[in-house]
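Trainee: Got a minute to go through this one with me? I'd like to start with a pocket.
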Amino acid sequence: MTDIIPGLQGDLPTNSRKGVPFVSGKTKVAACAKHFVGDGGTVGGIDESNTVIDYDKLLKIHMPAYFDSIKKGVATVMVSYSSWNGKKMHANHDLVTGFLKNKLKFRGFVISDWQGIDRITNPPHMNYSYSVQAGILAGIDMIMVPENFGEFIDELKLQVKNNVVPMSRIDDAVRRILRVKFVMGLFENPIADLSLSDKLGSQEHRELAREAARKSLVLLKNGKHGSKPLLPLPKKTSKILVAGSHADNLGYQCGGWTIEWQGVQGNDLTAGTTILGAIKKTVDPTTQVVYMENPDANFVKTSKFSYAVVVVGEVPYAEMFGDSSNLTISEPGPTVISNVCGSIKCVVVVVSGRPVVIEPYLSQIDALVAAWLPGSEGGPGVADALFGDHGFTGKLARTWFKSVDQLPMNVGDSHYDPLFPFGFGLVTEPRKEN
C-alpha cells in the first residue's frame, strides 16, 4: 500500500517531519490510507463486522501499513466501518485520537467512511445526536455525509453551542483540513487542470495498466506431476479452445467499484481488451481460436484442440455484497474446468478479488494462473505471460487455502497447511523467439 503514496502525492522531501502530510504539486493528489484499523480481520471476513483481537496483535498484524503510510507523508486516513472488540471504530477515541493522532503524530486529517457516523448505532441513524457526538469526539475531522448534510450541520452547531463538543475539537479538525489544503496548493490553484484530462485512458496509461496486470499475475502450477511445463503456450498451432464466463467480459475483469458501485457485466460500458480478444491478437494468424463459454465434454474431446485456455472466477462485487462463507468459483466455472481440463491440456486463469476454492479440480489442471482483477488492459497483460512474450514473476500476497474450513489461516499458525503458501509463485522466462 505504501508504495502507492509517493506515486499519488510525490516523493517525500528528506527534511520532512514525521506525520506531516506532503503533496508535491498540482499534478499530484492527496492519498488516503484506509480503513483504520482492523478492517481486514473481522470475524468470518464479514464486511463492517467485529475484529476480535488483543491490542498487541492489532498493532502487529493490522497497524504496520499505517506506520509506513505516515512515514511516507500520507495526507488523510479513513476510519473503518468495523469494530474492534465490539467498539465501533468511528467512535473509538483511544485509537483515532490517542494512537493515530497523538502517538503516531499524524498531522493530516481523519475522514469518516460513507455515512460512517450513522452506522455507529444499529440500526443506522437511530440516535443521530449521539452518532455526531461520538464520531467528532473520537477524532474524526471530516464527516462524509452524502445526503442529510443539513441535519448534520444543525446538530453539530447545536452541540458546539451547548459545549457538548468543545471548540478546541473543531479547531483541531479545521486546522488539519486546512493544512492538507495548503500543502496541496488548493488556495493558489483551486480549479482542476483540465489539460491533464487528455491523459486519462491514453495509450501510455493503457500500456502501464497492461504492465501492471502482467506483473501481478501469479503462476501457481505449470505442468502435471512428471509432465513438462505447459506454459508458455505455442502461438502457432492448428486450433485452440478458449472457454469460461470470464474470457470475454471486461466487467468481470474489472470487478466492483468500476463504472458502478457493484461493477458491471459485459463489454459495453468501458473501453479495454478482454482476455479472449488479446489471445486472438497474440496467436499466429493461422491458428484457429474457438470460443465457447460452457462447452460440454464430448465437444471438447472430439474437436481436436491443441490446448485450451479456461477463464473463470468471481462475478463483480463490492463491500458486503462480497461476503461469502464458501469462496467458490462462480458457476458454471467448476463445470467448465471439469469438462475442458478433463479432456485436453488446459491452463486455467482465475479472475477473482481473492483466493478461491480450487480443489478438487487442481489435479485435472495442467497450468493455473491467479489473475486477480486485471482491469481493462488485463487481456493483453494475461496474453503477454501465457504466450511467453514476458515471463511470470508475481508472488502471492496472501496465503491460498485448501478449504474454507482452514480459515482464518496465517503464516506461523499451528494449522498452517495451505494449497499455496504466502509468497509462492512460479517463475518463467520469456520465450526466446518472442
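Mentor: Sure. Keep in mind that this is a predicted model. The lining of the second largest pocket divides into 10 nonpolar, 5 polar and 4 charged residues.

Trainee: How much space lies in the second largest pocket?
Mentor: About 400 Å³. It has 19 lining residues, and the closest to its centre are K26, T27, K28, V29 and L196.

Trainee: OK, new topic: cysteines. How many disulfides does the count come to?
Mentor: The count comes to 1 disulfide. C341 and C346 form it, with their sulfur atoms 2.0 Å apart.

Trainee: Is that disulfide of C341 and C346 right-handed or left-handed, and why?
Mentor: Right-handed, because the torsion about its S-S bond is about 110 degrees.

Trainee: And are C341 and C346 buried or exposed?
Mentor: Both C341 and C346 are buried.

Trainee: What about C254, buried or exposed?
Mentor: C254 counts as buried because its relative accessibility is 15%, and the cut-off for buried is under 20%. C32 has a relative accessible area of 30%, so it is partly exposed.

Trainee: Let's move to helix α13. How many of its residues are buried?
Mentor: 9 of its 9 residues, so the helix, which spans 378-386, is mostly covered. The buried residues are G378, G379, P380, G381, V382, A383, D384, A385 and L386.

Trainee: What covers the buried residues of α13?
Mentor: A mix of helices and strands. The cover includes helices α8, α9 (250-254) and α10 (275-282), along with strands β10 (307-313), β11 (346-351) and β12 (367-372).

Trainee: Which residue just after α13 takes a positive phi?
Mentor: That's G388, with a phi of about 85 degrees.

Trainee: Back to α8 for a second. Where is R214 placed?
Mentor: R214 is in helix α8, which covers residues 203-216. With 12% relative accessibility, R214 counts as buried.

Trainee: Which residues does R214 touch, not counting those up to four places away in sequence?
Mentor: R214 touches G381, D384 and H390. Both G381 and D384 are among the buried residues of α13.

Trainee: You mentioned β12. Which sense do β7 and β12 pair in?
Mentor: Antiparallel, over 4 bridges. Within that pairing, K221 stands opposite L368 in β12.

Trainee: Why is β7 largely enclosed by the rest of the structure?
Mentor: Because 5 of the 5 residues of β7 (residues 218-222) are buried.

Trainee: So which way do side chains point in a regular strand?
Mentor: As a general rule, they alternate between the two faces of the sheet.

Trainee: Switching again: where is V180 found?
Mentor: V180 is in helix α7, residues 167-184. Its relative accessibility is 2%, so V180 counts as buried.

Trainee: What does V180 touch, leaving out residues up to four places away in sequence?
Mentor: V180 touches P21, A30, A75, G108 and F109. As for V20, the C-alpha atoms of V180 and V20 are 9.0 Å apart, with their positions 160 residues apart in sequence.

Trainee: Last one, W261. Where is W261 found?
Mentor: W261 is in the loop between α9 and α10. At a relative accessible area of 37%, W261 is partly exposed.

Trainee: And which residues is W261 in contact with, leaving aside neighbours within four places in sequence?
Mentor: G256, A318, E319, M320 and F321. If you want a distance as well, the C-alpha atoms of W261 and F67 are separated by 30 Å, and the two residues are 194 apart along the chain.

Notes
Residues are numbered from 1 along each chain as its sequence is written. This is a predicted model: local features need pLDDT of at least 70, side-chain atom pairs count only at pLDDT 80 or more; totals for chains, interfaces and linings use all residues. Side-chain values use heavy atoms; hydrogens and water are left out. Helices (H or I, at least four residues) and strands (E, at least two) are DSSP runs, numbered from the N terminus. Buried means under 20% relative accessible area, exposed over 50%, partly exposed in between (1.4 Å probe, protein chains only). Contact means heavy atoms within 4.5 Å. A disulfide is a pair of cysteine sulfur atoms within 2.5 Å. On a 1 Å grid over the protein atoms alone, a cavity is a set of points where a 1.4 Å probe fits but cannot get out, and a pocket is an open set with protein on both sides within 12 Å along at least five of seven lines; lining residues have an atom within 4 Å of a point. Grid points are joined across faces, edges and corners, and a volume is the space filled by probe spheres set on the points. Ala, Val, Leu, Ile, Met, Phe, Trp, Tyr, Cys and Pro count as nonpolar, Asp, Glu, Lys and Arg as charged, and the others, Gly among them, as polar. Two strands pair if DSSP finds at least two bridges between them.
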